[in-house]
Amino acid sequence: MTPLISQSHGDLTLVLAPELGGAIAALRWRGNDILRPLPEEGEQRANLSGCFPLVPYSNRIAQGRFLFQGQQVILKKNFGDHPHPLHGNGWLNAWELMAQTSDSLTLSLDHTAEEASFEDWPWPFRATQVFVLTDSGLQITLSISNLAEQSVPAGLGFHPYFANAADCEVQLIAQKVWLNNDDSLPVSEVATPECWNYEAFRRPLPATVDNCFTQWSGSAVVRWPQRKIQARVSSPDARNAVFFTPVAGKNFVAIEPVTHINNAIHLFPVDGKDLAMNLLAPGESLSVTMHIEVSDYE
């Protein structure tokens, strides 16, 4: 079994699995699962948890290859036979508990970029996650510090899986979305079509969307009408959001605040603009914060 750390504050209980990619094993409010709980039996990995960090990039990098400042970078596959590496390597490594107070926990991960991990990401970095609990909410700040002696690309995000999708409704407002090709890579940005218009609350249909939305309002709401509970996920730093509804049997909906779009390093200069990865100078850091606020509603 994966070692877990549990902490409660008011009506909220957070359970972390530091050694499992720094993931959230459970987030409960008054005993109700807000995020999908990590399975208690069988296989345990970060992408079966409630949420995991996306670092040092979000989503896919096409074929795991890109050219950066004259350097050809080749990354190894990290999701079975899937041809495109996914979500960096933070979710695939053990994090260390660095601090714990009555309402906060801090996790840290050092990536050395030595021979054994060079193909995960060729530049060293330190990542931290700071979890802060309130009576009704959770705030997570994810940071990356560039430990390389050169400027490097970097991107961040969160991958929360909201529980019980079959019983929920979603509101998400974004003006545009990237359409994907048959290889799950973005090819064009269009106005959000009616089939993905969630400005008014509606039930998420299984296996209908796995796309990056842009010009996002910065917040979205998942609510469970039968229980009259809602969770608002927001980020002041993430300019984009990946919205993912899997096949019905998986019974979750993912709304992922991210600092850059999928495969951004192939599509845009690394300049930190709305759709692009950031460029971090030696010693420079980048942070992104996500809030999940839970409440009753009428």
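Strands, and the helix with them, are DSSP runs numbered from the N terminus. The legends below describe a predicted model.

**Figure 1. The whole chain, with one helix and 22 strands.** The radius of gyration of the chain is 18 Å, close to the 19 Å given by the globule rule for 298 residues, so the chain is as compact as a globular protein of that length. Along its principal axes, the C-alpha trace spans about 55 × 45 × 35 Å. Of the 298 residues, 54% are buried. Among contacts between residues at least 6 apart in sequence, 64% join residues at least 24 apart. The accessible surface comes to about 12,400 Å², and carbon and sulfur atoms account for 48% of this surface. The chain carries 19 positive and 32 negative charges, whose mean positions are 6 Å apart.

**Figure 2. The largest nonpolar core, made up of 83 residues.** Which residues have the most contacts inside this core? They are Ile24, Ile34, Phe162, Leu172 and Ile292. Strand 17, which covers residues 209-224, gives the most to the core, with seven residues. Another core, of six residues, lies apart from the largest one, and Val15, Ala17, Leu20 and Ala26 are among its members.

**Figure 3. The surroundings of Ile292, one of the residues with the most contacts inside the largest core.** When neighbours within four places in sequence are left aside, the contacts of Ile292 include Leu27, Ile34 and Leu35. Ile292 is also in contact with Ser136, Gly137 and Leu138. Phe162, Ala231, Arg232 and Val233 complete the list of its contacts. Two of these partners, Ile34 and Phe162, are themselves named among the residues with the most contacts inside the core.

**Figure 4. Leu179 in strand 14, which covers residues 169-180.** The relative accessibility of Leu179 is 31%, and this residue therefore counts as partly exposed. Leaving out residues up to four places away in sequence, Leu179 touches Leu185, Pro186, Val187, Ser188, Val190, Trp196 and Asn211. Leu179 and Cys212 are 33 residues apart along the chain, while their C-alpha atoms are separated by 8.1 Å.

**Figure 5. Ser117 in the loop between strand 9 (104-111) and strand 10 (125-133).** Is Ser117 buried or exposed? Its relative accessible area is 14%, below the 20% limit, so Ser117 is buried. Apart from neighbours within four places in sequence, Ser117 is in contact with His111 and Thr112.

**Figure 6. Leu147 and Ala148 in the loop between strand 11 (137-146) and strand 12 (152-154).** Leu147 has a relative accessible area of 40% and is partly exposed, whereas Ala148, at 8% relative accessibility, counts as buried. With neighbours within four places in sequence set aside, the contacts of Leu147 are Pro124, Phe125 and Arg126. On the same basis, Ala148 touches Trp123, Pro124 and Pro282. Pro124 thus appears in the list for Leu147 and in the list for Ala148. Two pairs of residues serve as distance markers for this view. Leu147 and Pro257 are 110 residues apart in sequence, with a C-alpha to C-alpha separation of 25 Å. Ala148 and Gly21 are 127 residues apart in sequence, with their C-alpha atoms 22 Å apart in space.

**Figure 7. The cis peptide bond that joins Val55 and Pro56.** The omega angle of this bond is about 5°. Pro56 is placed in the loop between strand 5 (51-54) and strand 6 (65-68).

**Figure 8. Asn251 and its positive phi angle.** Phi of Asn251 is near 55°, a positive value in a residue other than glycine. Where is Asn251 found? It occupies the loop between strand 19 (240-245) and strand 20 (252-258). At 27% relative accessibility, Asn251 counts as partly exposed.

**Figure 9. Asn263 and its positive phi angle.** Asn263 is a residue other than glycine, and its phi is near 60°. This residue lies in the loop between strand 20 and helix 1, the latter covering residues 264-267. The relative accessibility of Asn263 is 5%, so Asn263 counts as buried.

Terms used:
Residues numbered from 1 in each chain as written. Predicted model: local features only at pLDDT ≥ 70, side-chain atom pairs only at ≥ 80, totals over all residues. Heavy atoms only, no water. Helix = DSSP H or I, 4+ residues; strand = E, 2+ residues; numbered from the N terminus. Rg over C-alpha atoms; globule rule 2.2 N^0.38 Å. Buried < 20%, exposed > 50% of the residue type's maximum accessible area, 1.4 Å probe, protein only. Contact = heavy atoms within 4.5 Å. Areas by Shrake-Rupley, 256 points an atom, 1.4 Å probe, with all protein chains shown as cover. Lys, Arg positive; Asp, Glu negative; His and termini not counted. Charge placed at Lys NZ, Arg CZ, Asp CG, Glu CD. Core = buried A, V, L, I, M, F, W, Y, C linked by side-chain atoms within 4.5 Å.
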